[in-house]
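Student: I should like to go through this model and ask, for each term applied to it, what justifies the term.
Tutor: Please begin with any residue you wish.

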Amino acid sequence: MSVIAFVGLGSMGLPMATNLLLKGHEVRGVDLNKQSCAAFIQAGGSILASAAEATRDADMLIVMVVNAQQAEHVLTQPDVLSGLKSNGIVCVMATCQPAAMRHLSTLVQSADRRFIDAPVSGGVVGAESGTLTIMAATEQACFEEAAPVLKQMGERLFHVGEQPGQGAMVKAVNQLLCGVHIAVTAEAFSLAAKADINPELLLEIMGGSAASSWMLRDRGPRMLQDNPAVSSAVDIFVKDLDIVLSAGKDVKAALPLAAAAYQMFLTSSGRGDGRADDSQVIRSYQVLNGASLTPQSTK
């Protein structure tokens, strides 16, 4: 069993770290949120005052923060990288730009430690159930060594390449598809609302047709609610689609559909809905088209 420093006990990081605890690892948590720290202690973990304390003689550092800037802040604190065991592993699981992952890899490798670019997909539900999809990019030997730990957080583990940034690029592709699917689902519902079509009936028809998608089935029902529980916020897709567009710019790939979806999420955020469930991007379509999803019977 490994000694693991885990920085970032947010809505996904906390259950991920807890799953590692349940598998018998010694997990040292670090987070600024007192409630998250208390929950981790209650689960049996330990909380350290700093990343440097957590990484002292640890086998692995897992970083599950909001963005690349926060990840770099963690890695550049004094004694964080040098505190890891010789040849220790740093695994950044946040959603970052591919270029940022390459930069973080350089920081880690300059300290003679190994780096894994390993973003995840599956949301809070996947983090809690240990069923995340993990897209890892690192050298083969490092992947094989870290795989047993990674598999305890995600049931779908893929080695997507040996170059840092390749994991982030696969995650960018994933978020492109997710964001566009959510936005186009909202657009479809908005069109139907203009024609006074019952939205529940529409969802039933589309959910069983060739037009169906996982996002339609998952976000569609929440689009019919005024204030659904937040599974993933609008601002997450503002951030992630911005990463997608930056990744496209880096490789000179035109992404017009991603750009259109980004503008709809950005509009929703600008209207004050940034913390609302991402399904509520539909509110911006309602403003554009002047139609809400209110009819309760077939016309």
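Student: Why is Gly88 called buried?
Tutor: This is a predicted model, and in it Gly88 has a relative accessible area of 4%. Buried means under 20%, so Gly88 is called buried at 4%.

Student: Where is Gly88 found, and what is Gly88 in contact with beyond its neighbours within four places in sequence?
Tutor: Gly88 is in the loop between helix H5 (80–83) and E5. Leaving aside the neighbours within four places in sequence, Gly88 is in contact with Asp59, Arg113 and Arg114. Leu107, 19 residues apart from Gly88 in sequence, is 14 Å apart from Gly88 in space, C-alpha to C-alpha.

Student: What makes Asn33 partly exposed rather than buried or exposed?
Tutor: The relative accessible area of Asn33 is 35%. Partly exposed lies between the limits of 20% and 50%, and therefore Asn33, at 35%, is partly exposed. Asn33 lies in the loop between strand E2 (26–30) and helix H2 (34–42).

Student: Why does Asp112 count as exposed?
Tutor: Exposed means over 50%. Asp112 has 58% relative accessibility, and so counts as exposed. The place of Asp112 is in the loop between helix H6 (98–110) and strand E6 (114–117).

Student: What is notable about the phi of Asp112?
Tutor: Asp112 has a positive phi of about 60° although it is not a glycine. Most residues other than glycine have a negative phi. Asp57 also has a positive phi, near 60°, and lies in the loop between helix H3 (51–55) and E4.

Student: How do you know that Gln175 is buried?
Tutor: The relative accessibility of Gln175 is 8%. The limit for buried is under 20%, so Gln175 counts as buried at 8%. Gln175 lies in helix H9 (residues 166–194). Not counting residues up to four places away in sequence, Gln175 touches Phe237, Asp240, Leu241 and Val244.

Student: Is Ser284, in helix H14, buried or exposed, and what makes it so?
Tutor: Ser284 is buried, because its relative accessible area is 2% and the limit is under 20%. Helix H14 comprises residues 282–289. Apart from residues up to four places away in sequence, Ser284 touches Met264, Thr267, Ser268 and Arg271.

Student: Why is Ala68 called buried?
Tutor: Ala68 has a relative accessible area of 13%. Since buried means under 20%, Ala68 is called buried. Ala68 lies in helix H4 (residues 68–75), and touches Cys96, Ala100 and Leu104, not counting residues up to four places away in sequence. Phe265 is 197 residues apart from Ala68 in sequence and 21 Å apart in space, C-alpha to C-alpha.

Student: Let us turn to the nonpolar cores. Which residues of the largest nonpolar core touch the most other members?
Tutor: Of its 32 residues, Phe6, Met16, Ile62, Met93, Ile134 and Met153 touch the most other members. Elements that each supply at least two residues of this core include strand E1 (3–7), helix H1 (13–22), strand E8 (133–137) and helix H8 (140–150). H8 gives the most, with 6 residues. Apart from this core lies another, of 30 residues, among them Ala172, Ala186, Ala192 and Val244.

Student: What does Met153 touch, beyond residues up to four places away in sequence?
Tutor: The residues that Met153 touches include Phe6, Met16, Leu20, Ile62, Met93 and Ile134. Gly126, Gly130, Thr131 and Leu132 are also among them.

Student: How many helices and strands does the protein have, and what makes it as compact as a globular protein of its length?
Tutor: The secondary structure comes to 14 helices and 9 strands. The radius of gyration is 21 Å, and the globule rule gives 19 Å for 299 residues. The value is close to that of the rule, so the protein is as compact as a globular protein of that length. Along its principal axes the C-alpha trace spans about 70 × 45 × 35 Å.

Student: What share of the residues counts as buried, and what share of the accessible surface belongs to carbon and sulfur atoms?
Tutor: Of the 299 residues, 50% count as buried. The accessible surface comes to about 13,900 Å², of which 54% belongs to carbon and sulfur atoms.

Terms used. Residues are numbered from 1 along each chain as its sequence is written. This is a predicted model: local features need pLDDT of at least 70, side-chain atom pairs count only at pLDDT 80 or more; totals for chains, interfaces and linings use all residues. Side-chain values use heavy atoms; hydrogens and water are left out. Buried means under 20% relative accessible area, exposed over 50%, partly exposed in between (1.4 Å probe, protein chains only). Contact means heavy atoms within 4.5 Å. The radius of gyration is taken over C-alpha atoms; the globule rule is 2.2 Å times the number of residues to the power 0.38. Accessible areas come from the Shrake-Rupley method with a 1.4 Å probe; for residues, only the protein chains shown count as cover. A nonpolar core is a set of buried Ala, Val, Leu, Ile, Met, Phe, Trp, Tyr and Cys residues joined through side-chain atoms within 4.5 Å.
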